[in-house]
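Here's a structure you may not have met before. Let's ask how some of the labels put on it are earned.

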Amino acid sequence: MQRIRRALIDLRRGEPVHLADEAGGSLILALENLTEARLEQALGLATGAPSVLLTAHRAEALGLDGQTGEGIAVAVPKAGLMETARQLARGRDARPTGATVRPLTEGERQALGLARRATLLPALLAIASDPDHDRLAGEIQRGEILSIDRRDATRFFSDSGRHPERVSEARVPLSGAEQSRFVLYREADGLLEHVALVIGDPRQWPKTPALRMHSACLTGDLFGSLRCDCGEQLRSAVHAIAEEGGGILLYLAQEGRGIGLANKLRAYGLQDAGLDTVDADQLLGFGEDERRYEVAAAMLDDLGISRVRLMTNNPGKIAALEAAGIDIAGREAVHGALNRHNARYLTAKADRAGHWLEEVFADSAADGDQR
Ligand SMILES: Nc1nc2c(ncn2[C@@H]2O[C@H](COP(=O)(O)OP(=O)(O)OP(=O)(O)O)[C@@H](O)[C@H]2O)c(=O)[nH]1
Ligand SMILES: [Zn+2]
């Protein structure tokens, strides 16, 4: 676990990590922050063939489907490596013509999983290594470069590391919901923290309390971004819950539908260039929604809540929370207003992800706005 945590940080810092797997082993580097100097250093340590690892989502977006499984490894020549790798990782129309494309090994699949947990762009450079000949072995022995085993990663991805533990709590009166408590949870692997906002006195709650499960959106929640409806949903949910005598809001650390703020901003750039929110995420290498809700269900369990009325327009949240063992007694809409900056985003949520947003568009039409 400790080694994997360090691997996440090394990758985030742009440093190489050695991955030992069935194919022998390779030196792995994140492509989003790769520099020429770092690349040269890596090529001096591991001397085998380089390849770029991409997720199936990105492979499909580049038109490489059919052979992808959970992702692909594209063999890249050493000449012009930096530019080719960058194109494969970030380019809009990167076409590895003539390049050998093969499915990922299990270890490479885990490596891409680590990049996602580190909320990096899920695109890695892998340089095959021969531990008996390369300089790499010495660096690993000296502790300069971390070596991880595929099995370490498998253990890390098992759910036990994500179990949330209650850390601290306090009374925090909110405007419109004066009787509120913040309860902070930390996942067992120490990486993420989530908040349960307990509104009102649980002894006086409605029999089946309302739950808003809200994913972090720094731009919307804190700054009132007009690109999405998050800020309004957050505040209106707190008010509505307080009005009816109390309930729960879970504030979950899954910014950008789980892809992280850096990637969300990259996705915004692609949306400004014409893609919708789903296609933008896919081009970056992500699925249409990367969030999971087992941790939220475990927080509810800790709070003694097993049955709720869920405040959402997202059918996926209902299904996921039910699958995680929470009884959903009903669904309540929670809307933000349509504006010219979020119309395309909300339209894509409705049309592509099946969110129930008819009322938002109807209200806006009644007000005479343009969709
Ligand atoms: N990847 C990506 N994430 C976005 C974009 N716009 C907003 N988000 C994120 O989407 C999430 C929205 O969270 P929620 O409001 O809880 O969820 P929802 O799926 O909209 O469902 P409900 O609001 O419950 O109906 C937040 O994590 C935002 O940061 C975008 O264009 N791309
Ligand atoms: Zn938002």
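UniProt annotations may be inferred rather than shown by experiment, and the model here is a predicted one.

Q: Where does UniProt place the feature "domain: GTP cyclohydrolase II"?
A: The record, an unreviewed entry, puts that feature at residues 165-331. Over residues 165-331 the chain is 34% helix and 26% strand, with the end C-alpha atoms 28 Å apart.

Q: Why are helix 5 and helix 7 called oblique to each other?
A: Start with the angle: the axes of helix 5 (residues 106-117) and helix 7 (residues 150-157) cross at roughly 50° and come within 9 Å. Angles under 35 degrees count as roughly parallel, and 65 to 115 as roughly perpendicular. The crossing fits neither class, so helix 5 and helix 7 are oblique. As for handedness, helix 5 passes helix 7 in a left-handed crossing.

Q: What makes the contact between helix 5 and helix 7?
A: Helix 5 brings E106, G107, Q110, G113 and L114, while helix 7 brings R150, A153, T154 and F157. By class, the contact has three nonpolar, four polar and two charged residues.

Q: Which residues come nearest to ligand 1?
A: Of the 22 residues around ligand 1, those are S215, C217, T312, N313 and N314. The elements giving two or more residues to this shell are strand 11 (210-215), helix 9 (230-243), helix 10 (261-272) and helix 11 (277-284).

Q: How many residues of each class does the shell around ligand 1 have?
A: Sorted by class, there are seven nonpolar, 10 polar and five charged residues around ligand 1.

Conventions
Residues numbered from 1 in each chain as written. Chains lettered and ligands numbered in written order. Predicted model: local features only at pLDDT ≥ 70, side-chain atom pairs only at ≥ 80, totals over all residues. Near = placed C-beta within 6 Å. Helix = DSSP H or I, 4+ residues; strand = E, 2+ residues; numbered from the N terminus. Nonpolar A, V, L, I, M, F, W, Y, C, P; charged D, E, K, R; others polar. Axes fitted to C-alpha atoms, helices over the stretch in contact; angles between N-to-C directions. Parallel < 35°, antiparallel > 145°, perpendicular 65-115°, else oblique. Left-handed = near helix turned anticlockwise from the far one by under 90°. Contact = placed C-beta atoms within 7 Å.
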